[in-house]
Structure formats: C-alpha cells, structure tokens
Amino acid sequence: VGRVVITSNITSMPEVAGNAAALVDPYSTESMRGGFLRIIHDDAYREQLISNGYQNCQRYSQESIAAQFTEIYQIICKN
C-alpha cells in the first residue's frame with residue numbers, strides 16, 4: 001500500500017498505468033535512471049503518483065469490471 005510504480009512507456013502500460021506511474025523507456029538505462037532518481041528525490045512527484053495510484057486502482061475494482069462486463073454483454077445481446 002502506498003507504493004510508487006515505475007513501468008515502461010510502451011505496449012499497453014501507459015494506458016493501464018495512466019497518470020499513476022512513472023513511465024520510462026525500457027530500452028534506455030538513462031531513462032530508467034532518471035525515472036528512479038525523480039521518484040527518490042522529488043517528494044511531491046512521488047506523493048502525487050501514490051495518490052493517483054489509489055484512484056487508478058478503482059478502475060480495476062471488482063465492481064467496475066463487473067459493470068463494464070455487463071455493459072458489453074448487453075451490447076452484444078442487442079445485436
């Protein structure tokens with residue numbers, strides 16, 4: 001709880017992480033280094049990522065996923 005996420009800026013990770021993670025180029029050690037250093041030294045940035053992370057988790061709650069599934073099911077059944 002209250003952890004910072006650092007992940008790649010490619011594939012689906014930016015979409016999944018949203019504004020709740022530090023996004024870095026996984027092929028660039030300099031980008032990864034910069035991401036880690038910013039998290040370590042920038043308290044406001046780190047706290048913002050943590051706060052955003054709590055909000056982002058709500059997108060993947062059981063209730064949210066069930067509601068999305070129900071909506072898709074209803075759309076499919078209409079056609």
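Okay, let's start with Asp43 and Arg46: their side chains form a salt bridge, with N to O at 2.4 Å. Keep in mind that what we have here is a predicted model. Both residues sit in helix 3, which runs over residues 43–58, and they are three residues apart, so about one turn of the helix. On the solvent side, Asp43 is partly exposed at 47% relative accessible area. Arg46 is partly exposed too, with 21%. Since buried means under 20%, Arg46 at 21% doesn't count as buried.

So how many salt bridges does the structure hold? Three. As a quick reminder, side chains of opposite charge can pair when their charged atoms come close.

Next up, helix 2, residues 29–41. Here Arg33 pairs with Glu30 through their side chains, at 3.6 Å from N to O. These two are three residues apart in helix 2, which puts about one helical turn between them.

And are these two buried or exposed? Glu30 comes out as exposed, at 52% relative accessibility, while Arg33, at 48%, is partly exposed. The cut-off for exposed is over 50%, so Glu30 passes it and Arg33 does not.

That leaves Arg38 and Asp42. Their side chains meet in a salt bridge as well, and the N to O distance is 3.6 Å. Arg38 has a relative accessible area of 43%, which makes it partly exposed. Asp42 has 28%, and that also counts as partly exposed.

Okay, that's the set: three salt bridges in this structure. Happy to go back to any of the pairs on the screen.

Key
Residues numbered from 1 in each chain as written. Predicted model: local features only at pLDDT ≥ 70, side-chain atom pairs only at ≥ 80, totals over all residues. Heavy atoms only, no water. Salt bridge = Lys/Arg side-chain N within 4 Å of Asp/Glu carboxyl O. Helix = DSSP H or I, 4+ residues; strand = E, 2+ residues; numbered from the N terminus. Buried < 20%, exposed > 50% of the residue type's maximum accessible area, 1.4 Å probe, protein only.
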